Amino acid sequence: VGQLERDLEAWTGVKHVVACANGTDALLLVLRAWGVGPGDAVFVPAFTFAASAEVVALAGATPVFVDVLPDSFNMDPASLEAAIVLVKREGSLKPKVVMPVDLFGQPADYRALAPIAARAGLKLFCDTAQGFGGALDGKKAGAIGDAAATSFFPAKPLGCYGDGGACFTNDDELKDLLLSIRMH
C-alpha cells in the first residue's frame with residue numbers, strides 16, 4: 001500500500017496520497033477531515049454515480065445538485081454559480097465544498113469552476129473516479145483542487161482486483177487528518 005501511495009504521488013505530482021478501502025471512503029475521509037457535516041452544503045453534479053451525493057449525506061451534510069453541460073456531462077459553471085447564490089440567499093445551509101466529478105476520462109471545467117469556488121470561499125474537491133488518467137493544462141486528475149479522490153473499482157479507469165480508493169492532496173495537515181481518520 002505504501003508503494004502504491006508513493007507511485008501515485010509521483011505519477012500525479014501531488015505531495016500526499018492516502019489509500020483506503022474504496023472510492024466512497026476516499027470521498028468521505030476528505031469530507032470528514034474538513035469537518036463537513038450537518039448544516040453544510042456540498043455542491044455535486046446532477047449527473048453522476050449515486051456515491052457522489054450519498055457520501056455527502058453520510059457525512060451529515062446536504063448535497064446540492066448542480067446541472068451539467070450537455071456536451072461533457074460535467075458540472076456546469078453557470079449552474080454552480082446560481083446554486084451558490086440560491087443557497088446563500090435561502091440561508092438554511094452553509095456552502096462548504098464544490099465537488100465536481102470528472103466523467104468519461106475528461107476533467108471537469110476547472111478553469112471556470114476553481115475561480116467560482118475561490119470567490120465563494122469554498123473548498124474544491126475533485127472526484128476523479130471516472131477521469132483518473134486525464135489531465136488539464138498539464139495537471140493530472142488527482143492533482144487539481146484542494147483535494148481529490150478516486151476509486152479503483154474494477155470498472156474505473158484505473159481498476160484493481162476487488163476495490164480500493166485513494167485521496168490526493170498537497171496539504172500536510174489534511175494528509176495527517178486523513179491518516180488518522182483512516183486508522184479509525
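**Salt bridges, cores and helix packing in the predicted model**

Arginine 119 is exposed, its relative accessible area being 59%, and the model in which this value was computed is a predicted one. The side chain of arginine 119 meets that of glutamate 81 in a salt bridge, with an N to O distance of 3.0 Å. This pair links distant parts of the chain, since glutamate 81 belongs to helix α4 (residues 77-90) and arginine 119 to helix α5 (residues 110-120), and the two residues are 38 residues apart. Glutamate 81, for its part, has a relative accessibility of 37% and therefore counts as partly exposed, the category that lies between under 20% and over 50%.

The two helices joined by this salt bridge also pack against each other, at an angle of about 15° and with their axes 9 Å apart. Because angles under 35 degrees are classed in this way, α4 is described as roughly parallel to α5. The contact is made by Pro77, Leu80, Glu81, Ile84 and Lys88 on the side of α4, and by Ala112, Leu113, Ile116, Arg119 and Ala120 on the side of α5. The crossing in which α4 passes α5 is right-handed.

In total, six salt bridges are counted in the model. One of these joins glutamate 5 to arginine 182, with the closest N and O atoms 2.9 Å apart. Here too distant parts of the chain are linked, as glutamate 5 lies in helix α1 (residues 2-12) and arginine 182 in helix α6 (residues 172-183), 177 residues apart. The partners differ in their accessibility class: glutamate 5, at 13% relative accessibility, is buried, whereas arginine 182 has a relative accessible area of 31% and is partly exposed. A further salt bridge is formed by aspartate 40 and lysine 96, for which the closest N and O atoms are 3.3 Å apart. In this case the pair connects two strands from distant parts of the chain, with aspartate 40 in β2 (residues 40-45), lysine 96 in β4 (residues 94-98), and the two positions 56 residues apart in numbering. Aspartate 40 is buried, at 6% relative accessibility, while lysine 96, at 22%, is partly exposed.

With regard to the nonpolar interior, the largest core comprises 30 residues, of which Phe43, Leu80, Val98, Tyr110 and Phe168 touch the most other members. At least two residues of this core are supplied by each of β2, β3 (62-66), α4, α5, β5 (123-127) and β9 (165-169). The largest share comes from α5, which provides five residues. When neighbours within four places in sequence are left aside, leucine 80 is in contact with Phe43, Val66, Met75, Val98, Leu113 and Ile116. Another core lies apart from the largest one and consists of 26 residues, among them Cys20, Leu31, Val97 and Met99. Burial is also seen in helix α3 (residues 51-58), where Ala51, Ser52, Ala53, Val55 and Val56 are buried. The elements that cover these buried residues include α2 (23-33), β2, β3 and β5. Just after α3, glycine 60 adopts a positive phi of about 90°.

Positive phi values are also found outside glycine. Most residues other than glycine have a negative phi. Against this background, phenylalanine 73 has a phi near 65°, a positive value in a residue that is not glycine, and phenylalanine 104 likewise has a positive phi, near 55°. Phenylalanine 73 is located in the loop between β3 and α4, and with a relative accessibility of 35% this residue counts as partly exposed. Phenylalanine 104, in contrast, belongs to the loop between β4 and α5 and is exposed, with a relative accessible area of 57%.

Asparagine 74 is likewise found in the loop between β3 and α4, but asparagine 74 is buried, its relative accessible area being 3%. Apart from neighbours within four places in sequence, the contacts of asparagine 74 are with Val68, Leu69, Val101, Asp102, Leu103, Gln106, Pro107 and Ala108.

Technical notes. Residues are numbered from 1 along each chain as its sequence is written. This is a predicted model: local features need pLDDT of at least 70, side-chain atom pairs count only at pLDDT 80 or more; totals for chains, interfaces and linings use all residues. Side-chain values use heavy atoms; hydrogens and water are left out. A salt bridge is a side-chain nitrogen of Lys or Arg within 4 Å of a carboxyl oxygen of Asp or Glu. Helices (H or I, at least four residues) and strands (E, at least two) are DSSP runs, numbered from the N terminus. Buried means under 20% relative accessible area, exposed over 50%, partly exposed in between (1.4 Å probe, protein chains only). A nonpolar core is a set of buried Ala, Val, Leu, Ile, Met, Phe, Trp, Tyr and Cys residues joined through side-chain atoms within 4.5 Å. Contact means heavy atoms within 4.5 Å. Axes are lines fitted to C-alpha atoms, for helices over the stretch in contact, and angles run from 0 to 180 degrees between N-to-C directions. Angles under 35 degrees count as roughly parallel, over 145 as roughly antiparallel, 65 to 115 as roughly perpendicular and the rest as oblique. A crossing is left-handed if the near helix is turned anticlockwise from the far one by less than a right angle, and right-handed if clockwise.
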